[in-house]
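Subject: The structure we talked about

Hi there,

Here is the structure I promised to pass on to you. Have a look at it first, and then read on for my notes.

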Amino acid sequence: ALRFTDLDEEGRFLVSCALGFGSTFMTWSTTFNNHELAAGFLAIGFFFVLRARFDGRAIDLLWAGLFLSLAGVCDIPTGVFYPIFFIYALASKELRSKWLFYILPLALTALPTALANYSIHRSIMPVQIYREYFQYPGSPWNGSPDLSGMQTNAAAFTFRYALLTLVGPMGFLIYNPMLLVAIWYSVRNVPAKFRFHAESICVLAGSALLVSYYWATTSNFSGWSYSIRWFVPILPLFFFFLFPYLLGSTADRKSTRLNSS
């Protein structure tokens, strides 16, 4: 995806290293969890969104729809990015006429998922949102108020909880310090004068909705783990926006080499 920026090969490699070694993306990839899988699908979908934008090919929009919908299928809250990028496509003069290609992959992703849910409990709604499926003999959730996604928190608790998930003992920003730089550049990129301002808006909006859902409906830190696994899918999207920082850094290094030579 960084090939669509002005970042050279060295800079693209450094961003990849920052994602792998400066975040929990790699550490969570050593575990079997759907959030890491969703992160990969989002990253691939985002790449095809960019390729569709710059090449204008309908097939790229189809691949974008496939991978973004796969992200939502394997990690339901992550599905918020699918409609956001659909609006992105409709708002683009180059992609507007090709919108049908974006939704075609739903027949391979959302439809089988809905049929699977219906076969289990005669409803297309996700089984994960039904409390009774967690109430079985010996379940740690019997009588527990901490079952995620089953209730809405009070405003005061939500505010304190949000702060703790970001900068508490397992705070996401503390475990992913480069994310602070990435968020700063993604926000700075929002004005229309910047090349990727529309993509910045999509990533910021989707991420805000994703984390707000968890802040409003959960009360734990995604288990006894290092940092918050629920937020892992947004890491590759934000780290894309490190490229302006690396553009300045690589330019400084090249200038130093020239001066020293």
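To start with a question: are α4 and α5 roughly parallel or roughly antiparallel to each other? Please keep in mind while you look that this is a predicted model. Helix α4 covers residues 58–74 and helix α5 covers residues 81–91. The two pack with their axes 9 Å apart, at an angle of about 160 degrees. An angle over 145 degrees counts as roughly antiparallel, and α4 and α5 are therefore roughly antiparallel to each other. Their crossing is right-handed.

Helix α3 is a good place to go next. This helix runs over residues 34–55, and I have notes on how it packs against two other helices.

One partner is α4. The axes of α3 and α4 are 8 Å apart, and the angle between the helices is about 160 degrees. These two are therefore roughly antiparallel as well, and α3 passes α4 in a left-handed crossing.

The other partner is α11, which spans residues 197–217. Here the axes come within 12 Å and cross at roughly 160 degrees. That makes α3 roughly antiparallel to α11. In this pair, α3 passes α11 in a right-handed crossing.

Two residues of α3 are worth finding in the viewer. Ala39 lies in this helix. Is Ala39 buried or exposed? With a relative accessible area of 0%, Ala39 is buried, since buried means under 20%. If you look for Ala71, you will see that the C-alpha atoms of Ala39 and Ala71 are 7.2 Å apart in space, while the two residues are 32 apart in sequence.

Asn34 also lies in α3. Its relative accessible area is 30%, so Asn34 is partly exposed. Asn34 and Leu19 are separated by 15 residues in sequence and by 18 Å in space, again from C-alpha to C-alpha.

Now for the charged side chains. How many salt bridges does a search of the whole structure find? The search finds 4, and I can describe some of them for you.

Let me begin with Asp60. The side chains of Arg51 and Asp60 meet in a salt bridge, with 3.0 Å from N to O. Asp60 also forms a salt bridge with Arg57, where the closest N and O atoms are 3.1 Å apart. Arg51, Arg57 and Asp60 are thus linked in a network of salt bridges. How covered are these residues? Asp60 has a relative accessible area of 0% and is therefore buried. Arg51 counts as partly exposed because its relative accessibility is 24%. Arg57 is at 39%, so this residue counts as partly exposed too.

A further salt bridge brings together the side chains of Arg53 and Glu199, at 2.9 Å from N to O. This pair links distant parts of the chain: Arg53 sits in helix α3 and Glu199 in helix α11, 146 residues apart. Arg53 has a relative accessible area of 25% and is therefore partly exposed, whereas Glu199, at 1% relative accessibility, counts as buried. You may like to view this bridge together with the packing of α3 and α11, whose axes come within 12 Å.

Last, please turn the model to look at its surface. Which residues make the nonpolar surface patch of about 580 Å²? They are Phe159, Leu163, Val167, Ile174, Tyr175 and Tyr226. The elements that give two or more residues to this patch are α8 (155–167) and α9 (172–175). The largest share comes from α8, with 3 residues. Leu163 has its place in that helix, and at 43% relative accessibility Leu163 counts as partly exposed.

If you have only a few minutes, I would look at three places: the packing of α3 against α4, the network of Arg51, Arg57 and Asp60, and the nonpolar patch with its residues from α8 and α9.

Happy exploring, and do write back with any questions.

Best wishes

Methods:
Residues numbered from 1 in each chain as written. Predicted model: local features only at pLDDT ≥ 70, side-chain atom pairs only at ≥ 80, totals over all residues. Heavy atoms only, no water. Patch = residues over 30% accessible without salt bridge, like charges linked within 9 Å, V, L, I, M, F, W, Y side chains within 5 Å. Areas by Shrake-Rupley, 256 points an atom, 1.4 Å probe, with all protein chains shown as cover. Helix = DSSP H or I, 4+ residues; strand = E, 2+ residues; numbered from the N terminus. Buried < 20%, exposed > 50% of the residue type's maximum accessible area, 1.4 Å probe, protein only. Axes fitted to C-alpha atoms, helices over the stretch in contact; angles between N-to-C directions. Parallel < 35°, antiparallel > 145°, perpendicular 65-115°, else oblique. Left-handed = near helix turned anticlockwise from the far one by under 90°.
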